[in-house]
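Me: I am new to this structure and would be grateful for a close look at a single part. Please choose one helix, and then set out the side-chain pairings found in the rest of the chain.

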Amino acid sequence: MLQDNKIWMAQGENPCYLLLNQANRHGLIAGASGTGKTVTLKVMAEGFSDAGVPVFMADVKGDVTGMAQAGELTDSLRSRMEAFGIDEREFAFQGTPCRIWDMLGGSGIPVRVTISDMGPQLLSRLLGLTAVQQGVLNIVFRVADDQQMLLIDLKDLRAMLTYVADHAKEYETTYGRVSSQSVGAIQRALIAVEDQGGDIFFGEPNLDIMDWFECDSYGRGYVNILNATELINTPLIYSMFLLWMLSTLFERLPEVGDPEKPRFVFFFDEAHLLFNGMPRQLVDKVVQVVKLIRSKGVGVYFITQSPSDIPNEVLAQLSNRVQHGLRAYTPAEQKAVKAAAASFRANPAFDSVEALQDVGTGEALVSFLDQSGRPSMVERARVLFPGCRMAAADPGIIANVLANGYDLMGKYEEAFDRESAFELIEEARAAAVEAAEEAARQEAAQKEAERQRIEEEKEAERKRIAEEKEADRLRLKAEKEADRLRLKAEKEAEQKEAEAKKARDRVVGNLFNSVVGTIGREAGRQITRGIFGTKR
């Protein structure tokens, strides 16, 4: 309940006010389950909204949406009004202006963040990477920047990791060594993020966190409710988003010193999920941001069961505290109760340790900063009730809230996937495959041409040899035929010569014979004449 720049939160022997000019000094709402933390959260958020301070909170159990719906007067509330001295005729039950956001594709304005906006340092810390692996991730982001490849979603980061690993030798002299083991470790860590909804959370359109810094037409700050009923089962994404919000606000908001009221207030419900198993480096980052974001006019309030859920370095920064009852059944729990009680400025009127175990639902030990910035003496007090509904809002009210956020729904509803690292790498890979295939085709064509050339040369050689053989055969045949004809001619010539000779011989013989015969006859005659002495 807002009263003169302060939120009336509770009533003990004295009223307990959260001063708006001290609200950016951060705070804590703690207590066991069922002790009234959600009611305290609603009262505080309602006060900030009425003061024109936008608020962010995660709806883990599904009942925070009741802030959008006006509460109703019941007998229980009537008796509480009497206890607080509130006239029911003067109290107005009303809901606060709300917007519902969702990171996992459920009901609400979609929330998306790009990988580039998350950055390598925050990703490395959230993924629990070693120093070497973080160095590799830094190289991947640097190569992406130098190659003008946008890292928007997980598939972009996965593709970029593979790309850098494939070209590790080329980049080693420029950026440093990239081992396949480190790339593999990062890829495995990303599987956990993807399984928890990172494939939905990382993308575009990217959330402009300044859309949360808005007030309605009456000047009341919007209560931005993150639908976390499913998100709570994915603590890695939940932690990643909350830390991104803090880091982004710290980087984007200007220094404002100590304003009259915060510019914005974050409520981190189930804060133990943020810190369970968190690496030391990440705790240091949270401590740094929580320390410094106060000067940006931002208040951070953690809601958890026990203060021991929060690291001491962070706890030391939480000055405005509402501590509901704690249960102490074990030595460790008793130690936690004593530590929680010791964190308050003691009140001689009661024992804080006993009071923490004795306070009932709706009661708490309360200590806020006073005007000088000092913790006030702890009060055992009853927390006020909100003007909104205690339980979850009706479906019709939620539908109206979603409809009233139509402009932002139109801005963020449709996811789009523009050309980024994944597409560029796939195009380059496809081009490389096509070039390789073309080179293979050209090489095959060259080989085929060479084969054909060799085959043609062989065929030509075969033809030449065949022609030479045929020519030789014909030459030999011709030579043989010529020899045959020559021999035949010679034989015929010899035969003719023989025949001529025979003819000559016959002529000579005949002549000889004739001569001889003549001579013989003449000789015979002569002889006869000689013998017979006769003449003719």
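Reply: What follows is an account of one helix, followed by salt bridges and ring contacts.

The model is a predicted one. The part chosen is helix α13, residues 331-342. With 12 residues at 1.5 Å a residue, helix α13 should span 16 Å, and its end C-alpha atoms are 16 Å apart, which agrees.

Which residues of α13 are buried? They are A336, V337, A340 and A341. These residues cover an arc of only 135 degrees around the axis, so they lie on the same side of α13. An α-helix has 3.6 residues a turn, so residues three or four places apart point the same way. The cover over the buried residues of α13 includes β10 (320-323) and α14 (352-358). On the face turned away from this buried side, α13 carries the exposed residues P331, A332, K335, K338 and A342.

A second helix, α17 (residues 421-532), offers a view of charged side chains. Side chains of opposite charge can pair when their charged atoms come close. R453 forms a salt bridge with E450, at 2.2 Å from N to O. R453 also forms a salt bridge with E457, where the closest N and O atoms are 2.4 Å apart. E450 and R453 are 3 residues apart in helix α17, and therefore about one helical turn separates them. E457 and R453 are 4 residues apart in helix α17, which again means a separation of about one helical turn. Relative accessibility is 34% for E450, which counts as partly exposed. R453 is likewise partly exposed at 34%, and E457 is partly exposed at 44%.

A further salt bridge joins R462 and E455, at 3.4 Å from N to O. R462 is partly exposed at 41% relative accessibility, and E455 is partly exposed at 37%. Elsewhere, salt bridges that share partners join R25, D258 and R294 into one network. The count for the structure comes to 31 salt bridges.

Aromatic rings form pairs as well, and the structure holds 23 of them. One of these is the edge-to-face pair of W212 and F241, with 6.2 Å from centre to centre and 85 degrees between the planes. This pair links distant parts of the chain, 29 residues apart: W212 is in the loop between α8 (180-201) and β7 (223-227), and F241 is in helix α9 (residues 235-252). W212 is buried, at 0% relative accessibility, and F241 is buried with a relative accessible area of 0%.

Rings also meet charges in this model. The charged end of K6 sits over the ring of Y17, 4.2 Å from its centre. The charged end of K296 sits over the ring of F250, 4.9 Å from its centre.

Methods:
Residues are numbered from 1 along each chain as its sequence is written. This is a predicted model: local features need pLDDT of at least 70, side-chain atom pairs count only at pLDDT 80 or more; totals for chains, interfaces and linings use all residues. Side-chain values use heavy atoms; hydrogens and water are left out. Rings of Phe, Tyr and Trp (its six-membered ring) pair if their centres lie within 6.5 Å; planes under 30 degrees apart count as stacked, over 60 as edge-to-face and the rest as tilted. Helices (H or I, at least four residues) and strands (E, at least two) are DSSP runs, numbered from the N terminus. Buried means under 20% relative accessible area, exposed over 50%, partly exposed in between (1.4 Å probe, protein chains only). A charge sits over a ring if NZ of Lys or CZ of Arg is within 6 Å of the ring centre and within 35 degrees of the ring normal. The expected span of a helix is 1.5 Å times one less than its number of residues. The arc is that of the directions from the helix axis to the C-beta atoms. Contact means heavy atoms within 4.5 Å. A salt bridge is a side-chain nitrogen of Lys or Arg within 4 Å of a carboxyl oxygen of Asp or Glu.
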